Amino acid sequence: MAAKTHRTAAPITVLSTRALNRATLDRQLLLRRSPMSAKKAVTHLVGLQAQNTKPPYFQLYARLADFDPEELSALMEAREVVRTVSLRSTLHTHTADDAVTLVPLVRAPRDRELKSFRRGLEGVDLDRLAAATEKLVEERPRPLGELRGELLTHWPDADPLALSVAARCVLPLVQVTPRGLWGRSGQVALTTVEQWLGRSAGSAPALTLDDTVLRYLGAFGPASVMDFQSWAGLTRTKEVFERLRPGLLTFRDERGVELFDLPDAPRPDPDTPAPPRFLPEFDNALLGHADRTRVIPEVNKGRNGKGKQTYGSVLVDGFLDALWRVGREGQTAVLTVQTLRNPTRAQRAEITEEAGRMLTVMTDAEDHDVRFGTFLDFKD
């Protein structure tokens, strides 16, 4: 009788932090600037964090070759991209297609935010609130204060802040232009996605959670289930990854966490050079994972801001290692870089050169000045 043979599982490849860093930078278009259009980049990145109006422009500058801020601004004016609350219940710039398909998929964070304001919403029927909000903002885009005032006539005993938060949680709303346009702006005025775009969710190809996971891996992978959930603001998505497992590759990080990835996605050599990149506050390259050590070293965790103030981040050799901010002195745009560790002389020269290019494209100042200094004291 022949002896039984036992198959042993193939060893799972362990990806170092540096390997994950280079893979993520490649997916994020940060290893080398991409020739793709602004619209295609917004699609590929599954949206741009947009809590403030300028960061989406700086995100694209860091990633695209020959980027002109007016390209994104023109897309906003043409209603091909919009500003709307989506991932993690935070404001993002999305393509019109994603605004009508992705946003409904990631409603759970908005529902959780709504629950935290329930005390100020006693007696408020949420279905009535959604209907009243929809009627008001589809008559014409409403400034936030005006919308809040109109809703208070229906529910005078409600907390005003809770009421305005609830209005954007129960109904997908967009911030209309000129808010967010390059070199221009305006107060926040809201209307529905359908009214602004002239189409409903059924007008674009249906997007599933499976599709969203695959798109996430394409822009942020290799990644764990918890990474995806942290990025999207969702929970209980393990079954989605299990369903997709047969078509994915799996790895482990140095802590033993299982990572998933697309089979044909780039995973560059860990020693691939990574040029300096200036990222604005809240860039998703910094926020797109539960374990952010692939971009933010433990020693610099939490050091890209203080209190409620967040500053721009400089990636040096692929990792957060400096902060930046821009100010004006007369006709001179002054960019100050605060290093978190000691860069080499060559790295300082590369940082200075990249900063000068960014000031040329992203400011209208006649003169530019790049300085190394300290503007944030971590000892307080």
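Colleague: How much accessible surface does the protein chain have, and what share of it belongs to carbon and sulfur atoms?
Modeller: Keep in mind that this is a predicted model. The accessible surface of the protein chain comes to about 18,000 Å². The share belonging to carbon and sulfur atoms is 50%.

Colleague: What percentage of the residues count as buried?
Modeller: Buried here means under 20% relative accessible area. The protein chain has 380 residues. Those that count as buried make up 51%.

Colleague: What radius of gyration does the protein chain have, and what would a compact globule have?
Modeller: A compact globule with 380 residues would have a radius of gyration near 21 Å. The chain agrees with that expectation. Along its principal axes, the C-alpha trace spans about 80 × 75 × 40 Å. The radius of gyration of the chain is 23 Å, against the globule's 21 Å.

Colleague: How many helices and strands are there?
Modeller: Both kinds of element occur in the protein chain. The count is 15 helices and 16 strands.

Colleague: Among contacts between residues at least 6 apart in sequence, what share joins residues at least 24 apart?
Modeller: Contact means heavy atoms within 4.5 Å. Take the contacts in the protein chain between residues at least 6 apart. The share joining residues at least 24 apart is 66%.

Colleague: How far apart are the mean positions of the positive and negative charges?
Modeller: The protein chain carries 52 positive and 50 negative charges. Take the mean position of each set. The two means are apart by 4 Å.

Colleague: Which element supplies the largest share of the largest nonpolar core?
Modeller: This core has 33 residues, and those with the most contacts inside it include Leu60, Phe278 and Leu335. Several elements each supply at least two of its residues, among them helix 2, helix 4 and strand 14. The largest share is five residues, and it comes from helix 15.

Colleague: Which residues does leucine 335 touch, leaving out those up to four places away in sequence?
Modeller: Leu335 is one of the residues with the most contacts inside the largest core. Its partners include Phe278 and Met358, which are on that list too. The full set is Phe278, Trp324, Arg325, Val326, Ala355, Met358, Leu359, Asp369, Val370 and Arg371.

Colleague: How many residues are in the other core, the one that includes Val46?
Modeller: This core lies apart from the largest one. Its residues include Val46, Phe220, Leu248 and Leu262. The number of residues is 23.

Colleague: What is phi of valine 46?
Modeller: Most residues other than glycine have a negative phi. Valine 46 has a positive one. It lies in the loop between helix 2 and strand 2, and is buried, with a relative accessible area of 1%. Phi of valine 46 is near 55°.

Colleague: Is serine 89 buried or exposed?
Modeller: Serine 89 lies in the loop between strand 3 and strand 4. Its phi is also positive, near 60°. Because its relative accessibility is 10% and the cut-off is under 20%, serine 89 counts as buried.

Colleague: Which residues does histidine 289 touch, not counting those up to four places away in sequence?
Modeller: Histidine 289 lies in the loop between helix 14 and strand 11. It is buried, with a relative accessible area of 2%. Its contacts are Thr24, Tyr216, Phe220, Ala223, Asp227, Ser230 and Arg294.

Colleague: Which elements do the buried residues of helix 12 pack against?
Modeller: Six of the eight residues of helix 12 are buried, so the helix is largely enclosed by the rest of the structure. The buried ones are Val225, Asp227, Phe228, Gln229, Trp231 and Ala232. They pack against helix 6, helix 11, helix 13 and strand 9.

Colleague: Where does proline 222 lie?
Modeller: Most peptide bonds are trans. The bond from glycine 221 to proline 222 is cis, with omega near -5°. Proline 222 lies in the loop between helix 11 and helix 12.

Colleague: Which residues is proline 69 in contact with, leaving aside neighbours within four places in sequence?
Modeller: Proline 69 is found in helix 4. At 4% relative accessibility, it counts as buried. Its contacts are Tyr57, Trp182, Val361 and Met362.

How values were computed:
Residues are numbered from 1 along each chain as its sequence is written. This is a predicted model: local features need pLDDT of at least 70, side-chain atom pairs count only at pLDDT 80 or more; totals for chains, interfaces and linings use all residues. Side-chain values use heavy atoms; hydrogens and water are left out. Helices (H or I, at least four residues) and strands (E, at least two) are DSSP runs, numbered from the N terminus. The radius of gyration is taken over C-alpha atoms; the globule rule is 2.2 Å times the number of residues to the power 0.38. Buried means under 20% relative accessible area, exposed over 50%, partly exposed in between (1.4 Å probe, protein chains only). Accessible areas come from the Shrake-Rupley method with a 1.4 Å probe; for residues, only the protein chains shown count as cover. Lys and Arg count as positive and Asp and Glu as negative; His and the chain ends are not counted. The place of a charge is taken as NZ of Lys, CZ of Arg, CG of Asp or CD of Glu. A nonpolar core is a set of buried Ala, Val, Leu, Ile, Met, Phe, Trp, Tyr and Cys residues joined through side-chain atoms within 4.5 Å.
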